[in-house]
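The following exercises concern a pocket and a pair of helices. Please work through each task before reading its solution.

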Amino acid sequence: MTTFEKTPGWLDWYAGPSRPAFRLPAGAVDAHCHIFGPGEQFPYAPERKYTPCDASKDQLFALRDHLGFTRTVVVQATCHGADNSAMVDALRASGGLARGVATLRPGTSDALVRELHEAGVRGVRFNFVKRLVDAAPQDDLWDVVERIKPYGWHVVVYFEAADLADLREFLLSIPLPLVVDHMGRPDVAKDPHGPEFEAFLDFLRARPDIWCKVTCPERLSVSGPPALDGERAAYRDVVPFARRVVEEFPDRVLWGTDWPHPNLTDHMPDDGLLVDFVPHIAPTLELQHRLLVDNPMRLYWPDAD
């Protein structure tokens, strides 16, 4: 039996989260979360750049129910590489209440893509964050795009704000819907109406099928305050950035917890208080319903009643 030791200094997910004061709309979707292991059952990838604490499907489903979500979208974690087994195991155990975003390597067989689709995978993730992965050549990514195109999947892209200019042309050439993780990781110490964030919004404006996750304020915030100790107005420096996206692109935004919050070293948020971030960035009932129900259902469960 293989055992794994968590990367030193990285925090475990928050045990015993509070219940949100914000009541999620019926049918709400946590559109960005992860499964880690357990490592004894689903070993972590040899090429990983970090080793997380275990975070099982049963623990994820318990959190979903505690917070008041109905469905989840499980995004393949880089620590598992292209072995999607843990994620697929969660999808199959969900009773149709989970969808997945996979990691694929070039040369993946059509039989495997079909198997993933039948399990509930609806997208693939391209990660360009150098501290987390070694960037794949664009030819390899094109190979993956061609393999998933017949299934109507989308491409989730994760990049740092500073890298958008170099990636823009390639990303816009991908002939599939795009979903940008975590608002392209803006520097929230800068002006939300300044040229850097405006360049990101221009990227979203470039095509009508580019979506954005207004997620991970706990990663982006500089001044906080953190979602701890009863703080229900956390990460105030992130709010104006997220609200700009939600208000300009109300039909193309998604939100998720990012549980179990990999790679955090400063603090680990209380997920109940993190949910209370939502009404600060989507202040009306209509915007909240689009963000949490209508949009993720359209992208991940388009045939649901």
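A pocket is an open set of points on a 1 Å grid over the protein atoms alone, where a 1.4 Å probe fits, with protein on both sides within 12 Å along at least five of seven lines. The model is predicted, so local features need pLDDT of at least 70 and side-chain atom pairs pLDDT 80 or more, while totals for chains, interfaces and linings use all residues. Residues are numbered from 1 along each chain as its sequence is written, and side-chain values use heavy atoms, without hydrogens and water.

**Exercise 1.** Describe the second largest pocket and its lining.

Solution. Step 1: the volume, the space filled by probe spheres set on the grid points, is about 270 Å³.
Step 2: 16 residues line this pocket (an atom within 4 Å of a point); Ala161, Ala162, Pro186, Glu196 and Phe197 are the closest to its centre.
Step 3: the largest share of the lining, 4 residues, is supplied by H6.
Step 4: by class, 11 lining residues are nonpolar, 1 is polar and 4 are charged.

**Exercise 2.** At what angle do the axes of H6 and H8 cross, and which residues make the contact?

Solution. Step 1: the axes of H6 (residues 195-205) and H8 (residues 239-248) come within 12 Å and cross at roughly 25 degrees.
Step 2: H6 is therefore roughly parallel to H8 (angles under 35 degrees).
Step 3: contact (heavy atoms within 4.5 Å) involves Phe197, Glu198, Leu201, Leu204 and Arg205 of H6 with Phe241, Arg244, Val245 and Glu248 of H8.
Step 4: this contact has 5 nonpolar, no polar and 4 charged residues.

Technical notes. Axes are lines fitted to C-alpha atoms, for helices over the stretch in contact, and angles run from 0 to 180 degrees between N-to-C directions. Helices (H or I, at least four residues) and strands (E, at least two) are DSSP runs, numbered from the N terminus. Angles under 35 degrees count as roughly parallel, over 145 as roughly antiparallel, 65 to 115 as roughly perpendicular and the rest as oblique. Ala, Val, Leu, Ile, Met, Phe, Trp, Tyr, Cys and Pro count as nonpolar, Asp, Glu, Lys and Arg as charged, and the others, Gly among them, as polar.
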